[in-house]
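Me: I should like to learn how the features of a structural model are read, one at a time. Please give the general idea in each case and then turn to the example shown here.

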Amino acid sequence: MSHQGLSLLFITDDLALASVICDQVVVTYAGRPMAAQSAAELFEAPAHPYAAALVNSRPRLDRKVERLHVVPGRPGSARETTTGCPFRERCSDAIAACEQVTPSLLELEPGPCPPASARTSSEDR
């Protein structure tokens, strides 16, 4: 559609389908954007731990998987208002900056979450 100057907003919980239909994907958690990247990059190098958890949770046809990956903890709610990343309570990569840095669609950049500029060398994962 880009050659016609058109865009389409496609909302789904099916990452495989999104990767076929969409050039760019925005992954949301509890109603907030967590990662924005090309559909191809999403599967190669997810930009946020939640996006990675989704990718790792999908069924595989190329190999046998005994059990699908499950993200521990209680799913977030769009009704809850919190500061920081709403996924941090369930995230194995959470650091202190995650309590303060709230992902924003306008601020999303490729790389680790939160951005390296928000990390300090003394923080442990």
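Reply: Let us begin with the polar contact, which is a pair of N or O atoms within 3.5 Å; within protein, one atom must be able to donate a hydrogen and the other to accept it, and residues adjacent in sequence count only if both atoms are side-chain atoms. In this structure, a polar atom of the Gln37 side chain lies 2.8 Å from the backbone nitrogen of Ala47. The model is a predicted one, in which local features need pLDDT of at least 70 and side-chain atom pairs count only at pLDDT 80 or more, while totals for chains, interfaces and linings use all residues. Residues are numbered from 1 along each chain as its sequence is written, and side-chain values use heavy atoms, with hydrogens and water left out.

Me: Is Gln37 buried or exposed, and in which strand is Gln37 placed?

Reply: The general idea is that buried means under 20% relative accessible area and exposed over 50%, with partly exposed in between (1.4 Å probe, protein chains only). Gln37 counts as buried because its relative accessibility is 7%. Its place is in strand 2, where helices (H or I, at least four residues) and strands (E, at least two) are DSSP runs numbered from the N terminus. A contact means heavy atoms within 4.5 Å. Not counting residues up to four places away in sequence, Gln37 touches Asp23, Gln24, Val25, Leu42, Ala45, Pro46 and Ala47.

Me: Which residues is Ser38 in contact with, leaving aside its neighbours within four places in sequence?

Reply: Ser38 is in contact with Asp23 and Gln24 on that count. Ser38 also belongs to strand 2, and Ser38 is buried because its relative accessible area is 17%. A polar atom of its side chain lies 3.1 Å from the backbone nitrogen of Glu41.

Me: In what order do helices and strands follow one another along the protein chain?

Reply: The pattern along the sequence is α-β-β-α-α, made up of 3 helices and 2 strands. Of the 125 residues in the protein chain, 29% are buried. Among contacts between residues at least 6 apart in sequence, 39% join residues at least 24 apart.

Me: How should a nonpolar core be read, and how many residues has the largest one here?

Reply: In soluble globular proteins, nonpolar side chains tend to be buried together. A nonpolar core is a set of buried Ala, Val, Leu, Ile, Met, Phe, Trp, Tyr and Cys residues joined through side-chain atoms within 4.5 Å. Here the largest has 20 residues, and those with the most contacts inside it are Val25, Val27, Tyr29, Leu42, Tyr50 and Phe87. At least two residues of this core come from each of helix 1 (15-21), strand 1 (24-29), strand 2 (32-38), helix 2 (39-44) and helix 3 (49-57). Helix 3 gives the most, with 4 residues.

Me: Which residues of helix 3 are buried, and what do they pack against?

Reply: Pro49, Tyr50, Ala51, Ala53 and Val55 are the buried residues of helix 3. They pack against helix 1, strand 1, strand 2 and helix 2. Tyr50 touches Val27, Thr28, Tyr29, Met34 and Phe87, not counting residues up to four places away in sequence.

Me: Where does Ala30 lie, and what is the sign of its phi angle?

Reply: Ala30 lies in the loop between strand 1 and strand 2. Its phi is near 55 degrees, a positive value in a residue other than glycine. Ala30 is buried because its relative accessible area is 18%. Not counting residues up to four places away in sequence, Ala30 touches Gly76, Ser77, Ala78 and Pro86. Ala30 and Pro86 are 56 residues apart in sequence, yet 6.9 Å apart in space, C-alpha to C-alpha.

Me: How many salt bridges does a search of the whole structure find?

Reply: A salt bridge is a side-chain nitrogen of Lys or Arg within 4 Å of a carboxyl oxygen of Asp or Glu. The search finds 2. Glu66 pairs with Lys64 in a salt bridge, with the closest N and O atoms 3.9 Å apart, and both Glu66 and Lys64 are exposed. Arg88 and Glu89 meet through their side chains in a salt bridge at 4.0 Å, N to O. Glu89 counts as exposed because its relative accessibility is 69%.
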